[in-house]
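Biologist: Hey, can you put that model up so we can go through it together?
Modeller: Sure, here it comes.

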Amino acid sequence: MKRVLAVLIASLACRDLEFKNEVKPLYISALLVVGDTVQYIFVDRPRKPEEPRGKGFNDAYVEVSDGESTWVFMPELTVINIIGEFTRERGKDTIWLYKAKFSPKPLKLYKLKVIRGKDTVLGQTLTPDTFSFILLKINPDSTFSFINDTVNLPQDSFVLAVWKKVREGYFYYCFVYNHDKRDSLLDYDPNRYLFVPVFDSALVGGIGDSLRAFLPFYYYRDPTFSWGSGNYAVKIWALNYDRFRWGLYNEGNLEKAEGFFGAVSQSVRVFPVRFR
């Protein structure tokens with residue numbers, strides 16, 4: 001049994017679903033991460049709100065292809081860290097995850113195939129482009145300066161993480177956490193992992209292809225920073241259309257299964273933070 005060191009969004013485990021019409025036989029949470037070398041997919045049956053979280057199936061055939069290469073995912077019993085998406089759910093769980101080692105390419109169409117018994121599920125998704133961000137400080141004289149080294153708090157609490165609009169990016173998840181303590185972020189109550197959703201809105205209104213931004217250190221009083229001075233990571237996920245629709249509207253893109261097949265692109269930087 002292996003542990004996933006990265007904190008995973010709770011949508012990886014089976015989401016409670018409201019059944020409106022037919023009950024589909026499978027629930028699939030398939031997220032490709034551009035920038036990661038290992039990919040994970042979760043396969044289970046749909047579950048009603050009153051049911052406990054599912055552990056998932058380990059007897060399905062799962063593959064992802066890009067038209068040139070095909071990767072077969074193998075099941076592995078895995079301990080995950082859970083951060084609820086727009087909820088306060090936190091904790092750990094042990095589930096079956098299908099795993100494959102490869103790095104998705106940006107702006108590439110990938111196809112998913114899942115077979116379990118007589119059920120076959122197909123899906124496809126387009127990955128977002130790669131991107132990077134900078135830390136931008138607005139000085140008292142209204143000039144700008146870049147921060148590439150130490151962030152001083154609380155003086156720099158209004159520093160902006162700024163990036164260009166990402167091609168095929170429709171929404172952003174922003175995370176801040178102590179990089180030195182990243183394996184124990186959820187061992188505390190409240191947890192020490194900051195999650196901020198950011199809409200795909202221009203920093204400067206009226207400019208369609210403008211900059212996007214959020215304030216990573218504005219929440220310096222949050223438990224995330226309880227360790228005080230140290231190295232803190234700022235991670236930004238750009239969600240593609242399929243992941244965006246699932247996260248905000250619970251709209252999947254699989255015809256014969258509940259759930260989704262989506263993708264994100266990520267940019268991560270680590271900054272020394274010093275409290276004065």
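**Strands, loops and cores**

Modeller: In this predicted model, tyrosine 27 sits across from aspartate 44 of strand E4.

Biologist: OK, and how do E3 and E4 pair?

Modeller: Strand E3, residues 27–34, runs antiparallel to E4, with five bridges between the two. They make a hairpin with three residues between them, and glycine 35 in that turn has a positive phi of about 110 degrees.

Biologist: Why is E4 described as largely enclosed?

Modeller: E4 covers residues 38–44, and five of those seven residues are buried, so the rest of the structure largely encloses the strand. Buried here means under 20% relative accessible area.

Biologist: What about strand E5, how many of its residues are buried?

Modeller: Four out of five, so to speak: E5, residues 61–65, is mostly covered. E5 is joined by five bridges to strand E8, residues 109–116, and the two run antiparallel. One pair to look at is valine 62, whose bridge partner in E8 is valine 114.

Biologist: Let's go to the surface. Which residues make the nonpolar patch?

Modeller: Tyr61, Val72 and Met74 make it, and the patch is about 280 Å². Valine 72 belongs to strand E6, which spans residues 70–83.

Biologist: Why does valine 72 count as partly exposed?

Modeller: Because its relative accessibility is 39%, and partly exposed means between 20% and 50%.

Biologist: New topic: backbone oddities. Which residue other than glycine has a phi near 55 degrees?

Modeller: That's leucine 107, and the value is positive. You'll find leucine 107 in the loop between strand E7 (90–101) and E8. Leucine 107 has a relative accessible area of 30%, so it is partly exposed.

Biologist: And what is phi like at glutamate 168?

Modeller: Positive, at about 65 degrees, although glutamate 168 isn't a glycine. Its loop lies between E13 and strand E14 (171–178). Glutamate 168 counts as partly exposed because its relative accessibility is 30%.

Biologist: Where's the cis peptide bond?

Modeller: It goes from leucine 153 to proline 154, with omega near 10 degrees. Proline 154 is in the loop that links strand E12 (151–153) and strand E13 (160–164).

Biologist: Now the inside. How many residues are in the largest nonpolar core?

Modeller: There are 26, and the ones with the most contacts inside that core are Leu135, Val151, Trp163, Phe214, Phe217 and Ile236. Elements giving two or more residues to this core are E12, E13, E14, strand E15 (193–199), strand E17 (230–239) and strand E18 (258–275). E17 gives the largest share, four residues.

Biologist: What does tryptophan 163 touch?

Modeller: Leaving out residues up to four places away in sequence, its contacts include Phe131, Phe133, Tyr172, Cys174, Phe214 and Ile236. Ser132 and Arg212 are also among the residues tryptophan 163 touches.

Biologist: And which residues are in the other core?

Modeller: That core lies apart and has 22 residues, among them Tyr98, Ala100, Phe102 and Leu254.

Biologist: Last one: which residues of helix H1 are buried?

Modeller: H1 spans residues 241–249, and Asp242, Arg243, Phe244, Trp246 and Gly247 are buried there. After H1 comes asparagine 250, with a positive phi near 60 degrees.

Notes. Residues are numbered from 1 along each chain as its sequence is written. This is a predicted model: local features need pLDDT of at least 70, side-chain atom pairs count only at pLDDT 80 or more; totals for chains, interfaces and linings use all residues. Side-chain values use heavy atoms; hydrogens and water are left out. Patches are made of residues with over 30% relative accessible area and no salt bridge: like charges are joined within 9 Å, nonpolar side chains (Val, Leu, Ile, Met, Phe, Trp, Tyr) within 5 Å. Accessible areas come from the Shrake-Rupley method with a 1.4 Å probe; for residues, only the protein chains shown count as cover. A salt bridge is a side-chain nitrogen of Lys or Arg within 4 Å of a carboxyl oxygen of Asp or Glu. Buried means under 20% relative accessible area, exposed over 50%, partly exposed in between (1.4 Å probe, protein chains only). Two strands pair if DSSP finds at least two bridges between them. A nonpolar core is a set of buried Ala, Val, Leu, Ile, Met, Phe, Trp, Tyr and Cys residues joined through side-chain atoms within 4.5 Å. Contact means heavy atoms within 4.5 Å.
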